[in-house]
Amino acid sequence: MVRSTAFAHPTHLRVHQYLGLNPGPRLIVLGAVHGNETCGTQALQGLIEALDQGRLTLLRGQLTLVPIANPLAYARHAREGERNLNRKLVPPAIPQDFEDRIARVLCPLLQAHEVLLDLHSFHTAGAPFVMVGPHDNQGALEPFAHAEAETALAAALGPRLVVEGWLETYAHGVARRRAHPVTTAQAAPDPQFGVGTTEYMRACGGYGVTLECGQHDDPQAPAVARRAVLRTLRLLGMVAEVPQEAADTEAAGAGAVAPVLHTVMCLFDVIDCAHAGDHFSREWASFDPVRAGEVLGYRDGGRPVVAETDGWIVFPNPRAQVGQEWFYLARASARRL
Ligand SMILES: [Zn+2]
């Protein structure tokens with residue numbers, strides 16, 4: 001396909017919307033919030049074809065598909081255009097960059113829906129996982145009343161690994177940075193920086209999950225994404241499939257959902273890199289189990305950094321810059337799927 005230079009300077013967001021003639025849930029699905037995470041884009045393009053060709057029928061409700069949520073990052077095949085769209089996601093009165101301009105059209109779109117499925121992929125090898133929000137609460141940070149529905153959605157998608165506690169842990173890290181800044185950039189951090197698509201959705205009274213479908217270029221990732229969208233549509237009673245499509249999705253593992261034994265991890269701490277000399281004790285992969293007392297790394301000067309409880313190390317970044325997140329810690333959650 002010949003790409004005009006307009007792709008390098010996107011001026012619109014492409015949205016595909018199917019308005020059912022019967023009332024029902026309002027679901028929005030996003031791909032490529034990070035521009036180099038294209039499994040969702042591929043899956044949504046396939047589903048648009050299936051809907052347009054009548055292999056899938058919308059029974060009720062509103063289905064909105066955004067295959068490329070960040071067109072600048074997508075055109076650059078990069079995570080970000082001018083900044084990370086999935087941080088500090090708010091519609092600003094005076095946009096400062098490309099992602100602010102996207103937020104001004106994407107945020108009202110999110111607000112007009114009840115349920116969000118946000119499709120991502122990740123950098124290093126590993127199994128797909130789902131990120132969910134908090135338990136029902138009336139706290140100041142992320143008040144929420146749809147934990148049951150959100151948990152049911154997470155359980156239906158396919159992956160067995162579910163992670164909770166993101167915004168709370170992010171805010172905990174912000175509070176620690178405020179108290180003990182290691183760089184001037186950390187002196188005025190903002191918990192709002194932890195607000196991405198799902199957090200924005202919950203703040204608007206809806207619910208939603210982030211599905212990390214696999215490594216960026218894993219050939220299975222688009223199938224994981226497609227399966228998850230179909231399972232979401234089925235869970236919400238929004239689609240009927242013609243037999244051929246059902247057979248195809250069955251073959252792809254999207255059929256009758258076999259019972260999955262889920263592992264639910266709760267993020268509870270984030271450890272920043274404090275010095276260029278900080279280093280891990282070994283090469284960690286995300287979700288490697290750790291035991292209480294185990295040495296995870298060493299601070300510059302040799303002081304060990306030790307796991308305080310049994311759990312898992314999450315999102316370890318051996319190339320973290322000083323003041324950036326070095327790794328997160330998770331422990332088993334009480335949530336049952
Ligand atoms: Zn992502």
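## Helix packing and domain contact

In H1, the residues Cys39, Gly40, Gln42, Ala43, Gly46 and Leu47 meet Ala221, Pro222, Val224, Ala225, Arg226 and Val229 of H7, contact being C-beta atoms, placed from the backbone, within 7 Å. This contact comprises 8 nonpolar, 3 polar and 1 charged residues; Ala, Val, Leu, Ile, Met, Phe, Trp, Tyr, Cys and Pro count as nonpolar, Asp, Glu, Lys and Arg as charged, and the others, Gly among them, as polar.

The model is predicted: local features need pLDDT of at least 70 and side-chain atom pairs count only at pLDDT 80 or more, while totals for chains, interfaces and linings use all residues. Residues are numbered from 1 along each chain as its sequence is written.

Helices (H or I, at least four residues) and strands (E, at least two) are DSSP runs, numbered from the N terminus. The axes of H1 (residues 39-52) and H7 (residues 221-235) lie 8 Å apart at an angle of about 55°. H1 and H7 are therefore oblique to each other (under 35 degrees is roughly parallel, over 145 roughly antiparallel, 65 to 115 roughly perpendicular, the rest oblique).

An automatic or database assignment gives the domain bounds.

| Domain | Residues | Residues in the contact |
|---|---|---|
| Domain 1 | 5-261 | 16 residues |
| Domain 2 | 266-332 | 15 residues |

The domain centres, taken over C-alpha atoms, are separated by 27 Å. On the side of domain 1 that touches domain 2, strand S7 (161-164) and helix H5 (166-179) are the elements giving two or more residues. H5 gives the most, with 6 residues. This side of domain 1 divides into 6 nonpolar, 8 polar and 2 charged residues.

Key
Axes are lines fitted to C-alpha atoms, for helices over the stretch in contact, and angles run from 0 to 180 degrees between N-to-C directions. Two residues are in contact if their C-beta atoms, placed from the backbone, lie within 7 Å.
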